[in-house]
Amino acid sequence: MQEVIGVRFKATGRLEYYRPGKEVFRLDEGAICPSDHGLEFGHVALSNISLPDDLLPDEIPELVRKATEEDLRIHEDNVDRAKEAIEFCKVKIAEEKLEMNLVGAEFTFDRSKLIFYFTADHRVDFRKLVRELAQNFHTRIELRQIGVRDQAKLLGGIGPCGQEFCCHRFMRDFDPVSIKMAKTQGLSLNPTKISGICGRLMCCLNYEQEVYQANTKKVPPKGTLVLTEDGQGHVVDRDVLQTRVRVHVYKDDGTEDEKYYSVDAIEILQKRKKGHSKPDLWEGMEDHDFVTEGEKKALREEELAANRADDEEESDEEITRTCPCPCRREEEDSGAISEQDPEIGGKEDFIEEKLPEDGDDEEEKHSPEKKTEETRPFQEPYAAKGRVKPKRRKMGRRRRRK
C-alpha cells in the first residue's frame with residue numbers, strides 16, 4: 001500500500017499519480033508536478049489515498065510542492081502567452097503556405113517548452129516554421145500532430161443532441177466505435193446521421209451497446225410466428241430496449257390487427273429461417289396450452305434453483321461421508337471401541353510396551369528376512385540427487401557440403 005494523490009493537467013486529461021510526501025491535498029487544489037516535458041501545473045482530482053501496489057504504476061514520482069498564489073499567477077500568465085503564440089504561429093503558417101490546421105498551444109510551467117497541436121491530412125515539412133518560432137519565443141518548440149477526435153476534445157463545442165461534446169465534458173479516453181453498433185441498435189446507416197461534428201462515428205453509440213446486445217437475444221426476430229392473447233401472428237417490428245415486439249395478429253373472428261406485446265406476454269411458436277418465407281399459422285390450437293415466455297422463464301429458474309439445492313445437499317453428504325479430518329476419525333474409532341467394550345476408556349489402554357527378551361534378540365539376528373531388510377541399500381529418488389536426465393538431441397538433415 002502506498003499513499004498517493006491523483007493529478008490532472010487538463011480537465012479531461014489522464015490521471016497521473018504522485019507521492020504527496022507529508023503534504024495533505026484537497027480536491028481541485030493546485031500542485032506543481034514533474035512530467036516528461038518538465039514542470040507542470042495541475043489540479044488534484046484524487047486527494048490523499050492509500051492504494052495497493054498492483055493498481056499503481058511501477059514508478060511513482062514525488063510531488064514538487066503545493067501551488068502558491070505566485071504559481072497560480074505564473075500559470076495564468078502562461079495561458080495568456082499561449083494564446084499570443086497561437087496567433088503568431090497562424091501568421092507564419094499562412095506565410096509558409098503549409099497545409100496544416102493549428103488547434104492549440106500550451107507552455108510548460110517553467111516555460112522550458114512550447115507545444116503546438118495541429119491537424120493535417122498529409123505529412124508536413126515544418127522545419128523552417130520551428131526555427132522561426134524558436135527565434136521568437138526563445139524556448140524549445142514541439143509541434144504535435146493529433147487526430148480529429150482529439151481536436152474536438154481540445155476545442156469543445158455543441159453536438160447534434162444540443163449538449164456539449166462528451167469528449168470535452170467528461171470522457172477521458174476514446175473507446176472504439178464501429179458501424180456494427182449502429183446495425184445492432186437499428187439506426188440509420190446514413191453517415192450524416194450517425195457521425196459527430198468531428199466526422200467520425202458518434203461516441204454515444206457505445207453507451208447502450210451492452211444493453212442492446214443483452215436484449216437482442218431475448219427479443220424474437222422479424223417474421224417469427226408467435227401466440228398472443230388475441231391469437232396467432234407474425235412479428236413485424238421489435239423494440240429491443242423495452243423488450244417488446246409489434247405483432248400482426250390474425251384474430252379468431254377473421255379480423256387482423258397490429259399491436260405491441262411484451263416478450264414475457266407471448267409464446268414463441270416457430271422462428272423464421274433465413275432465406276425462407278414466414279411460417280404458416282398452426283392449426284388445431286384449441287387444445288394447446290398457452291404458456292407465455294415469462295412463465296417458461298420462471299419455471300426454468302425454479303428448476304435451476306431446485307437442482308442447485310440438490311447439488312448442495314449431495315455435496316454436503318459427500319463431505320460428511322468422506323471427511324479427512326483426523327478428529328472425526330478419532331471420534332469414530334473411540335465410538336467403535338466403546339461399543340465393543342464399554343469398560344475400556346480409550347486408545348491408551350490398548351498400548352502395551354513389549355520388552356525384548358534375550359532369546360528374541362538372537363532370533364532376530366539370525367532370521368533371513370530381517371537380514372535382507374538391513375542389507376538392502378536405500379534407493380534415493382533420481383530427482384533428489386540433483387541430477388537431470390539428458391535431453392535427447394534432435395538430429396536434422398545434414399546439409400551437403402558443396
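Start by selecting L143 and showing everything around it: leaving out residues up to four places away in sequence, L143 touches M100, F116, F118, F126, L129, V130 and L133. Keep in mind as you go that this is a predicted model.

**The nonpolar core**

Now widen the selection. L143 is one of the residues with the most contacts inside the largest nonpolar core, along with M100, F116, L129 and L133. That core has 20 residues. To see where they come from, colour α1, β6, β7, α2 (127-137) and β8 (140-145), the elements that each give two or more residues to the core. Which element gives the largest share of this core? It's α1, with five residues. As a general background note, nonpolar side chains tend to be buried together in soluble globular proteins.

There's another core to find, lying apart from the largest one. Select V247, Y261, V263 and I266, which are among its nine residues.

**A stop on α2**

Go back to helix α2 and click on A134. Is A134 buried or exposed? Neither: with a relative accessibility of 29%, A134 counts as partly exposed, because that value falls between the 20% limit for buried and the 50% limit for exposed. Setting aside neighbours within four places in sequence, you'll find A134 in contact with T139 and I141. Then draw a distance from the C-alpha atom of A134 to that of K113: you should get 9.9 Å, for two residues that sit 21 apart along the chain.

**The largest pocket**

Next, select F9, K10, G13, E106 and Y117. Of the 42 residues lining the largest pocket, these five lie nearest its centre. The pocket has a volume of about 1,600 Å³. Its lining draws at least two residues from each of β2 (16-18), β3 (30-35), β4 (38-51), α1 (69-96), β6 (101-107), β7 (113-119), α3 (148-155) and α4 (166-169). Helix α1 turns up again here: the largest share of this lining, six residues, comes from α1. Try colouring the lining by class, and you'll get 19 nonpolar, nine polar and 14 charged residues.

**The second largest pocket**

Move on to the second largest pocket, with a volume of about 320 Å³. Select F165, C166, G196, M202 and C203, the closest to its centre among the 18 residues that line it. Helices α3 and α4 each supply at least two residues of this lining. Colour by class once more: the second largest pocket is lined by 13 nonpolar, three polar and two charged residues.

**Down the axis of α7**

Select helix α7 (residues 209-216) and pick out its buried residues, Q209, Y212 and N215. Turn the view to look down the helix axis: the buried residues of α7 fall within an arc of 140°, so they line one face of the helix. What do they pack against? Show α5 (179-184) and you have the partner of those buried residues.

**Two loops to finish**

Most residues other than glycine have a negative phi. The last two stops go the other way. In the loop between β2 and β3, select D28. D28 isn't a glycine, yet has a positive phi of about 65°. Its relative accessible area is 62%, so D28 is exposed.

Then hop to the loop between α1 and β6 and select K97. K97 isn't a glycine either, and has a positive phi of about 55°. With a relative accessible area of 72%, K97 is exposed too.

Note on methods
Residues are numbered from 1 along each chain as its sequence is written. This is a predicted model: local features need pLDDT of at least 70, side-chain atom pairs count only at pLDDT 80 or more; totals for chains, interfaces and linings use all residues. Side-chain values use heavy atoms; hydrogens and water are left out. On a 1 Å grid over the protein atoms alone, a cavity is a set of points where a 1.4 Å probe fits but cannot get out, and a pocket is an open set with protein on both sides within 12 Å along at least five of seven lines; lining residues have an atom within 4 Å of a point. Grid points are joined across faces, edges and corners, and a volume is the space filled by probe spheres set on the points. Helices (H or I, at least four residues) and strands (E, at least two) are DSSP runs, numbered from the N terminus. Ala, Val, Leu, Ile, Met, Phe, Trp, Tyr, Cys and Pro count as nonpolar, Asp, Glu, Lys and Arg as charged, and the others, Gly among them, as polar. A nonpolar core is a set of buried Ala, Val, Leu, Ile, Met, Phe, Trp, Tyr and Cys residues joined through side-chain atoms within 4.5 Å. Buried means under 20% relative accessible area, exposed over 50%, partly exposed in between (1.4 Å probe, protein chains only). Contact means heavy atoms within 4.5 Å. The arc is that of the directions from the helix axis to the C-beta atoms.
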